[in-house]
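Let's take a friendly walk through a protein model. Have a look at the structure below, and then we will go through it piece by piece.

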Amino acid sequence: YIVNDDNNISCLVKELIIKMIPMLPYIAFGFLKEFGDRWILQKWGGDFEQGVFSVSERLTAIVLLINSSVIKIFWRETAKYNFSKNLKKLENIYINTICIVSLLGALIITAFVPFIELIDIFVLDTNKQASLTIYLMLTVPIFVSINQLQTTFLYATLNITPHSIMAIFLF
């Protein structure tokens, strides 16, 4: 938008408000979910479970770093093909990006598997299931990457309201 006068500014502000209103419940539910995860872990799990969760979260961050670099390009291309109404290209870029990011995420996570076996060696006998928990939590980055790409796709195609509704029900 090129803003030259007050009328253009008010139109821009109105459009932004209309686009952002569906996101307010999504933001509120996201905050409650994150707070609830931490609180439940501390209340019923304790320090050890929070430690395992934290280790898994750090490994997840590595995969999501790769995903964040892909998202910028994916957003640009999706918006371009959506604007030009080229649905075939839009479908191709969506499917190819999802496949590539999922495969890369799985390969990176697989590289950590030998190191997780060390956890069983170093933890107490009562917590031998720590590596199983981390194995399960290592699958999360793949699904988070796909979710981020789907969210980017919906935003780039200006489908913000459907995304917010789906996200609230999937929390």
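We begin with helix α6, where the buried residues are Pro 141, Ile 142, Ser 145, Ile 146, Leu 149, Thr 151, Thr 152, Phe 153, Leu 154, Tyr 155 and Ala 156. Please keep in mind that this is a predicted model.

Does the length of α6 agree with what a helix of its size should span, or disagree? At 1.5 Å a residue, its 17 residues should span 24 Å, and the end C-alpha atoms are indeed 24 Å apart, so the two values agree.

One residue of α6 deserves a second look: Ser 145. Its relative accessible area is 1%, which is under the 20% cut-off, so Ser 145 counts as buried. Leaving out residues up to four places away in sequence, Ser 145 touches Val 63, Leu 64, Asn 67 and Val 101.

Now to the nonpolar cores. In soluble globular proteins, nonpolar side chains tend to be buried together. Here, the largest nonpolar core has eleven residues, including Ile 71, Leu 90, Val 101, Ile 146 and Phe 153. Two or more of its residues come from each of α3 (47-83), α4 (87-122) and α6 (140-156). A second, separate core has seven residues, among them Leu 59, Ile 116, Ile 134 and Leu 138.

Which residues does Ile 93, a member of the largest core, contact beyond its neighbours within four places in sequence? They are Phe 74, Glu 77, Thr 78 and Tyr 81.

Next, look at how two helices meet. Helix α2 (residues 23-45) packs against α3 at an angle of about 145°, and their axes are 7 Å apart. On the α2 side you will find Arg 38, Leu 41, Gln 42 and Gly 45, which meet Asp 47, Glu 49, Gln 50, Phe 53 and Glu 57 of α3. By type, the residues of this contact are two nonpolar, three polar and four charged.

Finally, let's turn to the backbone. Most residues other than glycine have a negative phi. The table lists two residues with a positive value.

| Residue | Place | Phi |
|---|---|---|
| Lys 85 | loop between α3 and α4 | positive, about 60° |
| Leu 158 | just after α6 | positive, about 60° |

Lys 85 is not a glycine, yet its phi is positive. Is Lys 85 buried or exposed? Its relative accessibility is 65%, which is over the 50% cut-off, so Lys 85 counts as exposed.

Conventions:
Residues numbered from 1 in each chain as written. Predicted model: local features only at pLDDT ≥ 70, side-chain atom pairs only at ≥ 80, totals over all residues. Heavy atoms only, no water. Core = buried A, V, L, I, M, F, W, Y, C linked by side-chain atoms within 4.5 Å. Buried < 20%, exposed > 50% of the residue type's maximum accessible area, 1.4 Å probe, protein only. Helix = DSSP H or I, 4+ residues; strand = E, 2+ residues; numbered from the N terminus. Contact = heavy atoms within 4.5 Å. Axes fitted to C-alpha atoms, helices over the stretch in contact; angles between N-to-C directions. Nonpolar A, V, L, I, M, F, W, Y, C, P; charged D, E, K, R; others polar. Expected span 1.5 Å × (residues − 1).
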